[in-house]
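Please open the model in your viewer and have the selection tool ready. The tour below goes step by step through one boundary between two parts of the chain.

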Amino acid sequence: MINDLAAKAKQELFPAQVVRSQQQGHDFLFVCENSVQLQLQVITDKILRFRYATEVGFTPDFSYAIPADRPRQAPQFLEFREKPDHFRITTDRLICTIAKADLHVRILDRSGTILSEDDKGFHWQHNDDTGNDIVKMSKQVQSGVCYYGLGDKPENMNLRGKRFMNWGSDTYGYVKGSDPLYKNIPFYLELHQKIAHGIFFDNSFKAFFDFAAERADVTSFWAEGGEMNYYFIYGPTLTEVTEEYTRLTCPPELPPLWALGYHQCKWSYFPESNVKKIAAGFRERQIPCDALYLDIDYMDGYRCFTWSPTHFPEPKRMIKELADDGFKLVVIIDPGIKIDPEYSVYNEALEQDFFCRRADGPLMRGSVWPGLCNFPDYTKPAVREWWSGLFKGLIAEDGVRGVWNDMNEPAVFEKGTFPDDVRFHYEGHSGSHRKAHNIYGMQMARATAAGVKRFSYPNRPFTITRSTYAGGQRYSSAWTGDNIASWEHLWLANIQCQRLSISGFSFVGSDVGGFVETPDGELYVRWVALAAFHPFFRTHSSGDHGDQEPWSFGEEYMVLARHFISLRYRLLPYMYTTFWQYVQNGTPMLRPLAFIDQNDTDTYLRMAEFSLGDHLLVCPITTPGVDGRWMYLPKGQWYYYWTNELKSGGAEVWASANLDRIPLFVRAGAVIPFYPLMQYVGEKVVEEITLHVYYKKGQEASVLYDDGGEGYAYQEGKSTTRRFTVLGTDTSLTLKQEIEGEYKPSFATYNVVLHGLPFETTSQIVDGEAMNLDEHITDTGLTLPSMIVGVGFGEVVLKGNVIPVVVS
């Protein structure tokens, strides 16, 4: 008799005939002959959750991505019917059928368009080496489909034809196509027939995604353990898909306004005299800057939560002196705790059994910057509570304003990461490193954020992380890791930040200028110009590759870098409002062209152009020695920011852009708020905001949110939302304002600057009273009509006589 058990163990297994179904509220259970089960949960009218169990049944339901206390929204409509060969579940927006023969799933919209259809559907294979099931899902590929998202993957915007792995890795000097990288966000979007949906595969094991790479007609995703547990998220627009996903996994709280300013970092600024020199360099050159960073050399022998007595003998005094000059100090904290019996943090964790252990009991040991280290198990609530308490000294006593988590993939020298047998608490659902690796950085960031928030109060916290998982946006900002000073990496920074934004993680940026090697002045300025439109704006470099402050490349390039950093500070109210939209609705701050107009198929493969918020369209220069570029404008009317030239969209246009420009367009009808230029947030009281109003024949809406940019009073209603409507005709422009909220701003007036008026004004009426027009010289050198109006105005009406408008 031949023993074929080994061969059978490698077979792919599938669900059998459905023998039983039941409904309990908004949840449905389907049980097969071979004990396979499908639990289908109707989360909302637009979100369906599919959770499969093999013959062993369901494990306890737990996710780090979705808070346990998140309330479920009842669907507006729900119907369940049994047909001869399938079951049908209908919501207000979707129709889902489950085949009785094999649990195959088909999802349609209410008009009958097929959105998603299983190929093999759910199947699995047992792994004798680990004891886990390799859980798999494959779906049919529709013709002309595009795939987007999946976090920080350094690839073309459309992922079709590619395969990727989620296994957070310290990838120093990565290049285009490197995989995996630091972050693990198992969420992607699919666009087909101008209709969008998303898939969120909530599984923390090593996971893979094949977007029609192996077979052109099949896309699939699978993981080396855990459950097949995924969410189908309907749009029908791409933006709505990201919004639904971000609300599901929860957006962050609002950051302090200074966190949206310019940050300067290096590995490493030390000793204190060097930090003071850098700070003075910004103020002397009038280059705005809000935050300076200290890398690992600020510590005593790389021991976390300590200060080097040589480099920084009086940190509290130094931080106070920096704060008096407007600088907030951010310090790095890594997960590796040096094995040192004279080190209190090590002793506390050792005594309370807070370190990760190997399967047979020994502590996990690995070498990182301090030498041999042990590593906290951040998946244990008591460890997170202890860790958060460690920040009292840095934050509450010394005055540090932000914390930067690095090396938290987790990274270990020579080995890459922890061995697979390292054990984790995992909120009581214990498991090995295979299960916990992809969420380790997220849980470290979670513990760090709790501590920084606790000891920063009543100020808001600021944290940044290198590694994360889906939902990690709740705890931290992020950057794209150890990039290279190259034109390719400038191109990648643009793509990666867009991709992270549409993957629910908007508070992101890159190391401006590159971390590895040294840029020349041209590359650095082009990078600053792009990063000025990224939510997180920080120059960071490795100390062994030369200086990388804005003045490091000579006077000419310093002036240009200052020019773009200053523009960022003028745009802070627009950036902050865009962040508020992200917090309120999950709306991605950075949006690729397909997100702006998915009905225009010419946008689907475009990668360079993106919008920041509702009304600014940006396209970086990523080639040396050029004075502009061709770019695609979405349909509609757009003003070139630098010249006020009006362009028609739905076509490629040439954007002239020497080093003092980045291709930047403003949507016609937009109202763009500008602050007065400040060297740091809070340097001066904002007494007036400039509203740049761009004429449009038709109607356009804009918004300005304000809460002072610090503290938590906004959570108690102390905020103001100002909604502007522009309505233009051939001979008139009307600007209306509606104000919601009770927050009293510091500014009492607006300077309303009018762009693109197609008529000679003959009258200007503000709330029924005649006003005179003045002239305003913009930052770009344009002389435009303007007027000063009270901050509480209701309506501005301008009328005049027609003059010709030239549209190129």
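Begin with charge pairing across the boundary of domain 2 and domain 3, where the count is 0 salt bridges, a salt bridge being a side-chain nitrogen of Lys or Arg within 4 Å of a carboxyl oxygen of Asp or Glu. This is a predicted model, in which local features need pLDDT of at least 70 and side-chain atom pairs count only at pLDDT 80 or more, while totals for chains, interfaces and linings use all residues. Residues are numbered from 1 along each chain as its sequence is written, and side-chain values use heavy atoms, with hydrogens and water left out.

To find the two parts, select 263–334, 380–410 and 434–577 for domain 2, then 590–667 for domain 3; these bounds come from an automatic or database domain assignment. Their centres, taken over C-alpha atoms, are separated by 29 Å.

Next, display the residues in contact (heavy atoms within 4.5 Å), which number 25 in domain 2 and 30 in domain 3. Between them the two domains bury about 2400 Å², 71% of it on carbon and sulfur atoms, where buried area is the accessible area (1.4 Å probe) that two parts lose on being put together, summed over both. Now pick Arg-526, Phe-533 and Tyr-574, the residues of domain 2 that lose the most area to domain 3, together 30% of what that side buries.

Finally, colour the side of domain 2 that touches domain 3 by class, and you should find 18 nonpolar, 5 polar and 2 charged residues, with Gly counted among the polar ones and Tyr among the nonpolar.
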